[in-house]
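Student: I would like to learn how to read a model like this one, feature by feature. Could we take the general idea each time and then the case at hand?

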Amino acid sequence: MTYLAYILRKIAQNPGRAARSGLKYVTEYLMDRRIGVSTFRRDFVSPASSGGDSRPCQPAPYEVLSDIAGHLRATGFPLRTFLDVGCGAGRPLAFFSSLGFERMTGIEINPEVAERARRNMARIRPAWNRAGRIEILCADVLTADVDFTGAVVYLANPFGRATMQAFAAKLKAQLQAQPDREILLYYVLPLQAEALAEAFPRAQRLLAGGPLEAWQFFRLDAASGG
Ligand SMILES: C[S@@+](CC[C@H](N)C(=O)[O-])C[C@H]1O[C@@H](n2cnc3c(N)ncnc32)[C@H](O)[C@@H]1O
């Protein structure tokens, strides 16, 4: 389905709701312009992955990213590493680059989308970008050679339960190998949050946002893995 066909179908289905969404999209477009990127496009075809449950690229609303930035600042957690699992076209990386992380990495399984993210990272306005370094890794998160410990990990509905269970197991193994470290994890549109909670039954957890723009926060360490 093309993006235009998608929009026309939404207008035909519910014109009032489509008008409200249109206003929201204009706001999002203006924010993209302010940062210097183009993260507006959404995809409809799921990428292939080992878990078989990957979701297509769809950017999280800036409003949600702004809420998360406020929460993150209040934790006082050191802003060393930021990892976006399924980074799409790089909207969260671009937005959070203003916080001044030492190192930011987007992990994206879809090569075409990863390339879109790379182009966006090169376009973030210097006045906005305070990150030490930003890179895009085209890989499946389950096989990627990435250390998640000590990092702020962000994900927005990238995959289903099977991959979330395997990803949680990977985080648990890394935390057990580095018991002095924590992970702050933000999960937008948290459809598989229970899989994470099952793997980390003693984790500090916060449920935030509205019904359509929900996000959850988990503070993970070796002890919270049960
Ligand atoms: C819903 S988009 C989220 C985009 C971005 N993180 C945001 O919040 O705006 C999910 C992305 O995860 C990617 N993805 C899905 N499964 C993945 C996996 N196993 N490893 C890495 N990326 C994956 C998809 O290709 C898609 O671009």
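Student: Which sign does phi take at G76, just after α3?

Tutor: Before the case itself, please keep in mind that this is a predicted model. As a general idea, most residues other than glycine have a negative phi. Here G76, which follows directly after α3, takes a positive phi of about 75°.

Student: Which residues other than glycine have a positive phi, such as N157 or L189, and where are they placed?

Tutor: N157 has a phi near 40°, which is positive although the residue is not a glycine, and it is found in the loop between β4 (151–156) and α6 (161–177). L189, likewise not a glycine, has a positive phi of about 50°, and its place is in the loop between β5 and α7 (193–199).

Student: Are these two residues buried or exposed, taking N157 and then L189?

Tutor: The reading rests on a count of neighbours, a residue being buried if 20 or more other C-beta atoms lie within 10 Å of its own, and exposed if 12 or fewer do. N157 has 16 other C-beta atoms within 10 Å and is therefore partly exposed, whereas L189, with 21 other C-beta atoms within 10 Å, is buried.

Student: What does P190 contact, leaving aside its neighbours within four places in sequence?

Tutor: P190 is found in the loop between β5 and α7, and it is buried, with 23 other C-beta atoms within 10 Å. Beyond those sequence neighbours, P190 is in contact with A214, W215 and Q216. The C-alpha atoms of P190 and Q216 are separated by 6.6 Å, although the two residues are 26 residues apart along the chain.

Student: Let us turn to helices. How does the span of α3 compare with the expected one, and which of its residues are buried?

Tutor: The general idea is that an α-helix has 3.6 residues a turn, so residues three or four places apart point the same way. Helix α3 runs over residues 62–75, and its 14 residues reach 20 Å from the first C-alpha to the last, close to the 20 Å expected at 1.5 Å a residue. Its buried residues include Y62, V64, L65 and I68. Because these cover an arc of only 145° around the axis, they are on the same side of α3. On the other side of the helix, S66, G70, R73 and A74 are exposed.

Student: What do the buried residues of α3 pack against?

Tutor: They pack against two helices and two strands, namely α2 (15–35), α4 (91–96), β5 (183–188) and β7 (215–220).

Student: Where do the buried residues of α5 fall when seen down its axis?

Tutor: Helix α5, residues 111–123, has 13 residues and reaches 19 Å between its first and last C-alpha, close to the expected 18 Å. Buried in α5 are V113, A114, R116, A117, N120 and M121. Seen down the axis, they fall within an arc of 155°, so they line one face of the helix. The face turned away from that buried side carries the exposed residues P111, E112 and A122. As for partners, the buried residues of α5 pack against α4, β2 and β3 (134–138).

Student: Which residues does V113 contact, leaving aside its neighbours within four places in sequence?

Tutor: V113 lies in helix α5 and counts as buried, with 23 C-beta neighbours inside 10 Å. Its contacts beyond those neighbours are with C57, G88, A89 and E108. V113 and G86, which are 27 residues apart in sequence, are 9.7 Å apart from C-alpha to C-alpha.

Student: Which residues come nearest to the ligand?

Tutor: Of the 29 residues around the ligand, S54, C57, G86, G88 and A156 come nearest. Both α4 and β2 (103–108) supply at least two residues each to this shell. Divided by class, the shell has 16 nonpolar, eight polar and five charged residues.

Student: How many helices and strands does the protein chain have?

Tutor: The protein chain has seven helices and seven strands. Its radius of gyration is 17 Å, close to the 17 Å given by the globule rule for 226 residues, so the chain is as compact as a globular protein of that length. Buried residues make up 35% of the 226 residues.

Key. Residues are numbered from 1 along each chain as its sequence is written. This is a predicted model: local features need pLDDT of at least 70, side-chain atom pairs count only at pLDDT 80 or more; totals for chains, interfaces and linings use all residues. Helices (H or I, at least four residues) and strands (E, at least two) are DSSP runs, numbered from the N terminus. The expected span of a helix is 1.5 Å times one less than its number of residues. The arc is that of the directions from the helix axis to the C-beta atoms. Two residues are in contact if their C-beta atoms, placed from the backbone, lie within 7 Å. A residue is near a molecule or strand if its C-beta atom, placed from the backbone, lies within 6 Å of it. Ala, Val, Leu, Ile, Met, Phe, Trp, Tyr, Cys and Pro count as nonpolar, Asp, Glu, Lys and Arg as charged, and the others, Gly among them, as polar. The radius of gyration is taken over C-alpha atoms; the globule rule is 2.2 Å times the number of residues to the power 0.38.
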